[in-house]
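Open the structure in your viewer and keep the selection tool ready. We will go stop by stop.

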Amino acid sequence: MINIKEITSKGDLTKFVKFPFHLYKDCPYYVPPIIKEELDTMNPKKNPVFKNAEAAFFLAFKDGEIVGRIAAIVNWIEINDQKKSKVRFGWFDAIDDIEVTKALLNTVIDYGKKHQLEFIEGPVGFSNMDKAGLLIEGFEELNTMITWYNYPYYQEHMEALSFEPAATWVEYRIKTPESIKEKVLKFSAIIKERYNLKVLKFKNTKEIIPYVDDMFALLNETYSVLQTFVPIQQYQVNTYKDKYIQYVNPDYITCIADEKGKLIAFAIVMPSFSKALKKMNGKMFPFGFLHLLKAQRTNDTAAFYLIGVDPKFQNKGITALIFKEMNETFLRNGIKIVETNPELEENKAIQALWNGYDHELHKKRRTFKKNIN
């Protein structure tokens with residue numbers, strides 16, 4: 001018999017966070033999160049997203065053993081402002097037992113019915129800035145710091161339970177050029193001069209902070225047309241500043257400003273932390289942070305996280321200038337491989353950016369949905 005228990009104590013929440021460590025303990029491709037950061041994400045006192053969202057967390061038990069977990073999430077901005085009557089599910093993990101998956105998803109469906117919502121979709125987080133999507137291709141690849149890993153049977157369970165595909169994301173592996181082509185250098189110089197642009201590079205994280213709000217404002221403008229978009233709130237921006245600034249290597253951040261000093265484009269790339277996070281196994285202390293520091297400074301792989309371009313400057317060659325600056329960064333730091341963050345499959349404009357490079361689609365992930373009323 002499968003029993004579902006809603007989490008009401010810190011001890012159970014810790015069990016919720018640690019369950020995947022047990023489920024994937026023999027999987028060489030699973031990259032664990034940092035336990036403290038996961039706990040903080042689920043704590044209404046520490047995560048301001050709860051100002052406009054609510055969530056409940058559940059564990060599944062069978063014969064006294066934990067066999068699954070799931071979060072039920074309601075994002076009120078999405079429901080009230082965007083009129084999407086959706087209950088989200090996230091942090092979903094389960095053993096290969098479809099009855100466990102069914103019990104967990106039915107628990108979220110019941111949560112959605114209590115809020116008079118019309119459909120369920122996931123796995124997703126609280127907003128579009130969180131992890132999203134079941135892995136459906138690329139099971140023999142390490143996940144990144146901002147993605148979930150799962151076994152192949154997850155998709156089989158979803159389809160057997162009559163869940164339909166919703167959003168699909170693709171991820172690419174890109175080989176960095178060993179040198180910058182002359183035509184790229186010339187074209188970048190032309191674009192820079194034509195629009196009187198200035199490239200902003202940074203020596204330390206303190207120099208980046210004044211530009212972070214403008215970066216997120218550009219993200220809102222850049223991605224507002226995509227199906228999964230939920231506007232990023234200022235309190236979320238403040239949270240991401242605090243959460244991710246420790247991972248930033250300033251040399252990997254590129255910003256472009258116009259002649260008046262206004263930010264019109266940016267790109268955030270970080271050294272890959274996947275191998276470091278595996279070695280840390282969820283713990284920052286006493287020595288886990290040393291693995292992060294080493295990955296920041298010595299690495300042959302980078303992760304391309306975010307790019308934003310002011311709509312007025314899109315299709316004007318600005319990305320060529322950004323890529324030229326990033327190529328120089330990669331050459332300085334010995335980066336040979338870059339992994340992209342998940343990109344919506346229909347976002348052809350972003351995917352077109354990789355056409356000039358040696359690249360391959362190596363991972364794909366998807367959310368699934370089902371009507372509940």
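What follows is a list of things to select, with a note on what is there.

**Before you start**

This is a predicted model, in which local features need pLDDT of at least 70, side-chain atom pairs count only at pLDDT 80 or more, and totals for chains, interfaces and linings use all residues. Residues are numbered from 1 along each chain as its sequence is written, and side-chain values use heavy atoms, with hydrogens and water left out.

**Stop 1: strand β14 and its partners**

Select residues 358-371, which make up strand β14. Helices (H or I, at least four residues) and strands (E, at least two) are DSSP runs, numbered from the N terminus. Two strands pair if DSSP finds at least two bridges between them.

Now add β5, residues 119-122. Four bridges join β5 to β14, and the two run antiparallel. Find Phe 119: its bridge partner in β14 is Asn 371.

Next, add β6, residues 134-137. Three bridges link β6 to β14, again antiparallel. Leu 135 stands opposite Arg 365 in β14.

Then add β7, residues 164-175. How many bridges join β7 to β14? There are ten, and these strands run antiparallel. Look for Ile 174, opposite His 359 in β14.

**Stop 2: two cis peptide bonds**

Select Gly 122 and Pro 123. The peptide bond from Gly 122 to Pro 123 is cis, with omega near 0°. Pro 123 sits in the loop between β5 and β6.

Move on to Phe 285 and Pro 286. Their peptide bond is cis too, with omega near 10°. Pro 286 is in the loop between α9 (274-280) and α10 (288-297).

**Stop 3: helix α5**

Select residues 153-160, helix α5. Its buried residues are Tyr 153, Tyr 154, Gln 155, His 157 and Met 158. Buried means under 20% relative accessible area, exposed over 50%, and partly exposed in between (1.4 Å probe, protein chains only).

What do these buried residues pack against? Show α1 (10-23), β4, α4 (98-114), β6 and β14. Contact here means heavy atoms within 4.5 Å.

Step past the end of the helix to Ser 162, which follows α5. Ser 162 lies in the loop between α5 and β7. Its phi is near 65°, a positive value in a residue other than glycine. Is Ser 162 buried or exposed? Ser 162 is exposed, with a relative accessible area of 52%.

Compare Lys 83, in the loop between α3 (76-80) and β4. Lys 83 is not a glycine, yet its phi is positive, about 60°. Lys 83 is exposed, at 66% relative accessible area.

**Stop 4: aromatic rings**

Show the side chains of Phe, Tyr and Trp. Rings of these residues (for Trp, its six-membered ring) pair if their centres lie within 6.5 Å; planes under 30 degrees apart count as stacked, over 60 as edge-to-face and the rest as tilted. The structure holds 22 aromatic pairs.

Zoom in on Phe 21 and Tyr 30. This pair is edge-to-face: 6.3 Å centre to centre, with 85° between the planes. Phe 21 is buried at 15% relative accessibility, and Tyr 30 is buried at 8%.

Select Trp 91 and Trp 148 next. Their ring centres are 5.7 Å apart and their planes are at 75°, so this pair is edge-to-face. Trp 91 lies in strand β4 (residues 86-94) and Trp 148 in the loop between β6 and α5, so the pair ties together parts that are 57 residues apart in sequence. Both Trp 91 and Trp 148 are buried.

Now look for a cluster linked by ring pairs. Among its members are Phe 21, Tyr 24, Tyr 30, Phe 89 and Phe 92.

**Stop 5: charges over rings**

A charge sits over a ring if NZ of Lys or CZ of Arg is within 6 Å of the ring centre and within 35 degrees of the ring normal. Select Arg 69 and Phe 16. The charged end of Arg 69 is over the ring of Phe 16, 5.0 Å from its centre. At Phe 313, Lys 316 lies over the ring face, 5.7 Å from the ring centre.

**Last stop: Tyr 240**

Select Tyr 240 in helix α8 (residues 234-244). Tyr 240 is buried, at 11% relative accessibility. Not counting residues up to four places away in sequence, Tyr 240 touches Ser 127, Met 129, Asp 130, Phe 216 and Ile 245.
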